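Please work through the exercises below with the sequence and the model side by side, trying each task before reading its solution.

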Amino acid sequence: MSYAATRRQVLAGGSALLAAATTGLLRPTPASAAPDKIVVRVDRDLANLDPANRTGPIDVNVLNAVQQGLIAFKPGSTDWQLDAAEEIKQVSDTEISFKLRPGLTFTDGYGDLTAEDVKFSFERFIKPDSAGKMVDYASDWGALDHVEVTGPLTGRILLKSAAPALWVITLADGSGRIISKKAFEKLGDKIASTVIGSGPYIFKEWKPREQFVLEINPDYKGPIKPFFKQIVGRPIQEQKTSDIAFQANEIDFERFEPENKKAFSALPDTSVVELQGIDYVWFGPNIEKKPFDDIRVRQALRLAVDVDAILAGAYAGLYPRANALLAPNLLGYWKEAPVYKRDLETAKKLLADAGLADGFKTTLTVLSDAKPQAVAAIVQANLAEVGIQVDINTLDPGAYWALGEKDGSKVLDLSLIEYSGKFDPSFQTQWFTSAQVGQWNWQRWKSKEFDDLDAQGAKTTDPKEREAIYLKAQQLMDESAAFVWITHNVNTYAAKSWLKPGLLPNGNGWLYTAFSAA
Amino acid sequence: MARWLLARVMNTHAGAFGLVTVVVLLIVAIAAPLVALHDPNAIAPIDRLQPPSLAHIFGTDHLGRDLYSRVVYGTRVAIGVSIVVMSISLSVGVLLGIGAAYAPRALDQLVLSIFDIINAFPSIILALALVAVLGAGLGNLILLVSVVFIPQFGRVARAQTLSIRNSLFFEAEKVLGTQPWRILLHHVLPNIIGPIFVLASMNIPVVITIEAGLSFLGVGVRPPLASWGNLLHDGYTYLDQSPWPAITSGLALMLATLGFTLLGEALRDAIDPKLRRER
Amino acid sequence: MKLTAAAVAVVGAVLLLLSLTLLIPGDPATMLLGPRATPETVAALKAEMGLDLPLPTRLAQFLGRAATGDLGVDIFSGRPVSTMVLQALPNTILLAVSAILLAILFGLPLGTIAALKPDSIADQAIAFLSVGFVSAPSFVNSIFLLLVFALWLNWFPVLGAGTAGDPLDQLWHVVLPAVALAVGWIGYIARLLRSSLLEVLNEPYVRTMRAYGVPESVIVLKYALKPACIPTLAILGIGVGELLGGAVFAEVIFNRPGLGSLIYGAIAVRNYPVVQGGVLVVVLLFVATNFLVDLSYLWIDPRARARLALAGERSA
Amino acid sequence: MAAPLLSIRGLEVRYATERGPARVLRSVDIDIPENAVVGVVGESGSGKSTLALTLMDLLPGNAQQSAASLLFEGVELSSLPRSQRRRLRGTRMAMVFQDPMSSLHPLFAIGTQMVDIQRTKHPELSSRDLRQRAAAMLTRVGVPDAAARMSRYPHEFSGGMRQRVMIAMALLVQPKLLIADEPTTALDATIEAQIVELLRDVRSDIRGSIILISHSLGLVADLCDHVVVMYAGEVVETGAVDDVFGAPQHPYTRALLDCEIDPWAAVEKGAALPRIPGAPPDLVEMPAGCVFAPRCPQRHERCGVAPALKSLDGNRTVACWLR
């Protein structure tokens, strides 16, 4: 009706403003009671909805809501709960047995979820596809030997070697999603854009670059209780535009730059959620290159840089300081890791001992985002004070990540790096092994001892032992003085005050099923 | 000549305003180190996003850098880029244009279709496409924006040269056995200079906008180097905490484009009213 | 004649685009796989994307496929670029068209008023406004409009292009970005029209009309405006190009799913097939509009029709 | 004798130039009798066309005029408000311009233009009627298959045809005063002859007076009853054509005639410009005294003072001390 009114005005050539005012009034004003539909901002569009070839958290979050795994993450923890599996247990280091809930069905009439589907879904990761190409996330199931179906609803997951990380890295996450074998065979390539699942939500609609819609799955039979009838995801490129949209009540939930925390806390009907991250941001030299092959130079670097100033400057003093690889809420967190205070005297002395009393020139390579550039600027200023002249080399994503192949990292001097973390320490340590030199170990730091610890940690099942292993590994990194840890990141979210988001500790894992009324 | 031109430009308000603005901007750009009150890259995390004060007359940005100084150095980038770009595309364009006019038909056609190809892209889009490949950065920015403007100069130069080549006295000169380069020097160039000069001055504000625009999108000048585009984007990002970065850089940008536009038009009307309609 | 030139330009543009992709530092494959890529997967992906083939082969392939409307696939989602582009195209066209209409809607009257009373207060005011408008870049306008009319006054929506199939809603969403793009052109058209109108009003044929006491209103609105619009029309040709360029900013800032934001988004992650496809379509759009502009001369100017006919006979 | 249709007294027109005001018309007195054809002759730059534009009130913006009196059909034009002046045009007065190419609108069919120029005269008539009148008139002035030609554009007409259209326009509004400014100059000789024919032919259709501005004495001699000789913005001699051309009183008139012994020849070879030693004076810095003196073969001391226009017998006038 009100639209009709507006239309009349427009047709009558009536002033846009008048008409505008009318719709302005029509726009949803912040509701105190939670509606049954919410709009959340995602920072880019969905890309690939095939669990094995997904392109990142934005895809996974949808998959986790639409498809079931044997287990699922518990909201707000690195811990898991049962989902498709009625029971599941680690029989031995290399065997996991599971029993599915009866009566789970796939949407769009693809029938019941059976152990066959589980076998198919998991073994996809270890068999090359028709084109002979391995799936992108093959490594998640690297340890899998095969899945044995023991009954319509029961089976055994058999591993080549012990893989304790499997639970949180794989089973509870994207690579553990159970897809319908029938659907896959029917849809072929189309499964990258059509999601058939048995989960709490169905993938109702996807208007690329406009929005995707999740809607409660009436036939879902499982322990998870989704709250909102509809969840709409809107891809928004420009962060600031998203902030404005939030203030204009066009979206109900978004992640924002921690720098803006104050401003957002001041907004009406808005609750701000803060979450410590598990990523790891650090910078360090390529230790194969002179003069960084000299440990004294590396130590000097570590002492010359004022990490607190970086956090205050580039991170608005809102990010927690990192002193080692693993974040506080992870197994293997090194509580007593040394906290290096800035000490120019010692730094200068170390350089002098290394015969570089009057400093040297070097280059710091960073990604072309605002924060890395800010960090670089501060590092530049800091190092200048001990006579080290730093040129900043900013690369945009394509060129930057290309350093990870064809030995691209060989040319680097200093580099500022940010890798995103997962809930199992083994995922974090794997990039620093000698084997990764030329790929993702850009600093080319080689330590036989570390390699062994990494391999060992990946197999050991006993948490206590693992913790010890990873502590040792981090001590080795510390001794090398090759890594200047900066932060594990913090994530800040704005939600309408009636909305309680369901987030995982890594910050970009969102459990849409756990979004609920505050 | 110069005095006459100056007089013609100054005798309209718009022209005078344009000239003064541009002169001021030029001075600021050249004398940036003297005009700026602080090191534009000096970071002071503690007093980030300060409002204007005696210490920081435009306030500070999100890293506590002195905005005024950054705007000043931004002027240097904006004007530097636009002048370099213009001189590159001007010289390349004119050379190609004259060359084409003298060259055999086939070659001439080739050059022309190259111009057509470049012109088939909306300038920003071409710049983006090139950035996609070359990557951002000051050097690339200058390079690719220059490419965008070559055809304009090329066409004017070619047209002028042809009109002279077909003119009677050119024949006469040939008969008299004057070397081509003499003819070029004494008859072609003098005729080209006017329009070319106008064209260049009219395009400078366009280049300034493109530079700022690409930098705004984060594919132009690389931070920490100060560009109005970067400042504006950062300002936009931290608008909730302080409007000053956005306001100051935005105003600087608009003042510059305004000044150069007015001056350009004044020059055009003074030198070559015929060009009034062309673009 | 013009058509062939256009065709050459487009083909050349494609060639340019493709040859550019040879200079790429690092490549999409790694970009796509991020810190997980093993050399094998990278190689596989490149093969998949045809990045390993020599340029001529790729050009031939691309042109061949493009001719059939196939622009390759998005390296992330594997969705055909053609569909992505076609989804974006209407939004961009709507934006550009509304912007042009706005520019004409305001520019024409302003220019006419200014020309009727040269050097009057109105004329001066309009001149001042025009210059001011011309020097306001579209991204500055976009931000300003977004803050004032979407955030503070809450009159217009912030996000996107509105729900497909609801013309009103789409019109709604296009207002602010269109204004942001149009502003500069309002000023430009106004000033251009003023000068050409002043010239026309001194033409002998206008004097003839006056000699028979034809009312000034009829002279201006019927006889003078038509010829005065020709130069404006010529500028619109170029204008569309700048509009399509400015659209990038408006679309990014207002989060409109259009060609500009598509290309921009793709560049950040080096999604080359999408960049190529997007840019190619923009070029086609641009060339096409310029062609239309040329056609519109025929509609306005009988002499042009005559010339064309003449040329026709010659070539025949 | 009856009051003239138009009587001009002390008409002055200045053009503002960079170097100062150019006095293109100075204290011009002319009478146009009822139903007469008056020729205005003189070199280019003698102010003929300015005179025409002044009467039509079509002077460009940089011109300023002042007249003691501009009496048309007993009405003082110079005191009429612009709007009423406008209404005179296309009803009581009309003008045929020199260049038929640029004087017709290139983007509109001539029919459209011929209809619109009648509206001030015939507000009561419908467009259809106006179209029919126009078509009929085209036939009258000798444009073949007029009805069809109505929807054609100027560039589709030959120069001669265009001038016929212009004349048709003038006839359509039946003006009391028709001013023809060099109606044949832009045309080549043969066409010119045809147009002259046409003019003589339609002469009778016009129930009013005609001012024929031309530098071709032949044409004037051929078409006019009276003649006004102008030089450098001043009237130097007036009178009946036969008297003036038969026995010119002013040295300038004589000079003109000497350059053009046989008027008909002139018409044939298309209006040759008179060749008189010296050049017309600079209108911005006028010399004192007789304007023609510098070029005058019979110059003498009295010429240092400007001679007034004095009447001779047989109501002719001349401005020269020798008479």
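The exercises that follow concern a predicted model, and each is solved step by step.

**Exercise 1. Determine how far chain B can be trusted, and where confidence is lowest and highest within its helices.**

Step 1. Begin with the chain as a whole: chain B has a mean pLDDT of 84, with 94% of its residues at 70 or more.

Step 2. Then turn to the individual elements, where helix α8 of chain B (residues 168–175) has the lowest confidence, with a mean of 68, while helix α4 of chain B (residues 67–102) has the highest, at 92.

Step 3. Finally, look for stretches that call for caution: residues 275–279 of chain B have a pLDDT below 50, although in the model this stretch has nine contacts beyond near neighbours in sequence. Where pLDDT is low, the predicted coordinates should not be read in detail.

**Exercise 2. Describe the fold of chain B through its secondary structure, its dimensions, its burial and its contacts.**

Step 1. Count the elements: chain B has 11 helices and zero strands, which appear along the sequence as α-α-α-α-α-α-α-α-α-α-α.

Step 2. Consider the dimensions: along the principal axes, the C-alpha atoms of chain B occupy a box of roughly 75 × 45 × 30 Å.

Step 3. Examine burial and contacts: of the 279 residues in chain B, 56% are buried, and among the contacts between residues at least 6 apart in sequence, 69% link residues at least 24 apart.

**Exercise 3. Work out the strand order of the five-stranded sheet in chain A, and say what packs on this sheet.**

Step 1. Read the order of the open sheet, which is β15-β14-β16-β13-β17 of chain A, with mixed pairing. Strands β15 (388–395) and β17 (484–487) of chain A are at the edges, each pairing on one side only, and the twist from one strand to the next averages 25°.

Step 2. Take one pair in detail: strand β14 (residues 360–367) and strand β16 (residues 414–419) of chain A run parallel and are joined by two bridges, and the bridge partner of T365(A) in β16(A) is S415(A).

Step 3. Add the helix: α12 of chain A (residues 370–384) packs on the sheet and touches β13 (280–285), β14, β15, β16 and β17 of chain A, with its direction making about 170° with that of β15(A).

**Exercise 4. Establish which chains touch, and what chain A contributes to its contact with chain B.**

Step 1. Survey the pairs: four pairs of chains touch, and chains A and C share the most contacts among them. No contact joins chain A to chain D, their closest C-alpha atoms being 32 Å apart, nor does any join chain B to chain D, where the corresponding distance is 14 Å.

Step 2. Look at the contact between chains A and B, which takes 17 residues from chain A and 18 residues from chain B. On the chain A side, α7 (239–247), α10 (307–313) and α12 each supply at least two residues, and α12(A) gives the largest share, five residues.

Step 3. Sort the chain A side by character: its residues comprise eight nonpolar, six polar and three charged.

**Exercise 5. Identify which residues touch the most other members of the largest nonpolar core.**

Step 1. The core has 438 residues, and A127(B), L128(B) and A13(C) touch the most other members. Helix α8 of chain C (residues 167–201) gives the most to this core, with 19 residues.

Step 2. Follow one of these residues: neighbours within four places in sequence aside, A127(B) is in contact with L144(B), V145(B), V148(B), I210(B) and L214(B).

How values were computed
Residues are numbered from 1 along each chain as its sequence is written. Chains are lettered from A and ligands numbered from 1 in the order in which they are written. This is a predicted model: local features need pLDDT of at least 70, side-chain atom pairs count only at pLDDT 80 or more; totals for chains, interfaces and linings use all residues. pLDDT is the predictor's confidence in each residue, from 0 to 100. Helices (H or I, at least four residues) and strands (E, at least two) are DSSP runs, numbered from the N terminus. Two residues are in contact if their C-beta atoms, placed from the backbone, lie within 7 Å. Two strands pair if DSSP finds at least two bridges between them. Axes are lines fitted to C-alpha atoms, for helices over the stretch in contact, and angles run from 0 to 180 degrees between N-to-C directions. A residue is buried if 20 or more other C-beta atoms lie within 10 Å of its own, exposed if 12 or fewer, and partly exposed in between; C-beta atoms are placed from the backbone. Ala, Val, Leu, Ile, Met, Phe, Trp, Tyr, Cys and Pro count as nonpolar, Asp, Glu, Lys and Arg as charged, and the others, Gly among them, as polar. A nonpolar core is a set of buried Ala, Val, Leu, Ile, Met, Phe, Trp, Tyr and Cys residues joined through C-beta atoms within 7 Å.
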